[in-house]
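Work through the exercises below with the sequence and the model open. Each one sets a task and is followed by a stepwise solution.

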Amino acid sequence: DLRPWLKQVGWFVLMALFMSFFTRFDALLIRSFSPTLNFYFGDEPGFFQAGIYAQGYRLLDAALIFSLLMSTQLLPIFTKKITQKESNNELLWGVFRLILLVGLSVLLFSITHGKQILYLMYGSKWLGSISLGAFSYQVFLFLMVSFIPMAMIHIFGTYVTAEGNLKFLTYSALIALIVNIGLNIVLIPKFGALGA
């Protein structure tokens, strides 16, 4: 009987769908709801602000590869320990501390060297004007702060997946998606890319 297996796969597909929407809706909402920037004189402020957001998000996405690779290595270990009825606590909290250490190091590096990184990557496109550069740097810092909770989601989400509790994870992803969209609709019209 394939029905129990299909049910599990269905929950996994829904969870993956909600989580992918969660990270990809921001650019769409920024384009739709962004205010006009007083220091920008272009044609389309929404696309401009989505570009500023994308500059920082690109670096966040690259940083998240660390926790993503770690979580894929942990899944079989968590699963094996669960099937053998062994505790995952020591491993889980060890990885938590490692992610926290890496996350805080990335954040500190972003605070101290963020402007140089953005200038190195984007040059005059980033510098544009003093106010534009400051705004882009602020968006970048907020995105790098989100590295820590997003990396934690990779690790603890992998543990919950190994336990087979995909229903809980799917509902959590749906609630997070709804909250994210709601907050973006409120904050983006006021703050643009910084609100996202």
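**Exercise 1. Classify N184 by accessibility and list its contacts.**

Solution. The model is a predicted one.
Step 1: N184 has a relative accessibility of 2%, so it counts as buried, the cut-off for that class being under 20%.
Step 2: The residue belongs to helix α7, which covers residues 166-191.
Step 3: With residues up to four places away in sequence left out, N184 touches D26, L29, P189, G195 and A196.

**Exercise 2. Describe the overall make-up of the protein chain.**

Solution.
Step 1: Count the elements: there are 7 helices and 0 strands. Read from the N terminus, the order is α-α-α-α-α-α-α.
Step 2: Take the burial: of the 196 residues in the protein chain, 36% are buried.
Step 3: Take the surface: about 11600 Å² is exposed, and carbon and sulfur atoms supply 70% of that area.
Step 4: Take the contacts: among those with a separation of 6 or more, 75% join residues 24 or more positions apart.

**Exercise 3. Check the length of helix α6 and state which of its residues are buried.**

Solution.
Step 1: Helix α6 runs over residues 147-162, which is 16 residues.
Step 2: The expected span is 1.5 Å times one less than the number of residues, and for α6 this gives 22 Å.
Step 3: The end C-alpha atoms of α6 are 23 Å apart, which agrees with the expected span.
Step 4: The buried residues of α6 are F147, I148, M150, A151, M152, I155, G157, T158, Y159, V160 and A162.
Step 5: After the helix comes G164, with a positive phi near 85°.

**Exercise 4. Compare the surroundings of I153 and I155.**

Solution.
Step 1: I153 lies in helix α6, and I155 lies in helix α6.
Step 2: I153 has a relative accessible area of 45% and is therefore partly exposed. I155, at 1%, is buried.
Step 3: Leaving out neighbours within four places in sequence, I153 is in contact with M19 and T158. Under that exclusion, I155 is in contact with S67, M70, S71, L74, F78, L92, V95 and I99.
Step 4: For distances across the sequence, I153 and L68 are 85 residues apart, with 9.7 Å between their C-alpha atoms. I155 and L75 are 80 residues apart along the chain, and their C-alpha atoms are separated by 9.0 Å.

**Exercise 5. Identify the nonpolar cores and the helices that supply the largest one.**

Solution.
Step 1: The largest nonpolar core has 37 residues, and the members that touch the most others are Y53, L60, I99, V139, F140, F147 and I155.
Step 2: At least two residues of this core come from each of α1, α2 (45-83), α3 (89-122), α5 (130-145) and α6. The largest share, 11 residues, is from α2.
Step 3: Take V139 as an example: beyond its neighbours within four places in sequence, it contacts I52, Y53, A193 and L194.
Step 4: A second, separate core has 5 residues, including M15, V160, L166 and L169.
Step 5: As background, nonpolar side chains in soluble globular proteins tend to be buried together.

**Exercise 6. Find the nonpolar surface patch and place F21.**

Solution.
Step 1: The patch consists of L14, L17 and F21, which together have about 230 Å² of accessible area.
Step 2: F21 is in helix α1, residues 3-33.
Step 3: F21 has a relative accessibility of 34%, so it counts as partly exposed.

**Exercise 7. Locate the salt bridge and examine K85.**

Solution.
Step 1: The structure holds 1 salt bridge. It joins E86 to K81, with 3.9 Å between the closest N and O atoms, inside the 4 Å cut-off.
Step 2: E86 is partly exposed because its relative accessibility is 41%. K81, at 24%, is also partly exposed.
Step 3: K85 lies in the loop between α2 and α3. With a relative accessible area of 76%, K85 is exposed.
Step 4: Most residues other than glycine have a negative phi. K85 is not a glycine, yet its phi is positive, about 55°.

Notes: Residues numbered from 1 in each chain as written. Heavy atoms only, no water. Patch = residues over 30% accessible without salt bridge, like charges linked within 9 Å, V, L, I, M, F, W, Y side chains within 5 Å. Areas by Shrake-Rupley, 256 points an atom, 1.4 Å probe, with all protein chains shown as cover. Salt bridge = Lys/Arg side-chain N within 4 Å of Asp/Glu carboxyl O. Helix = DSSP H or I, 4+ residues; strand = E, 2+ residues; numbered from the N terminus. Buried < 20%, exposed > 50% of the residue type's maximum accessible area, 1.4 Å probe, protein only. Contact = heavy atoms within 4.5 Å. Core = buried A, V, L, I, M, F, W, Y, C linked by side-chain atoms within 4.5 Å.
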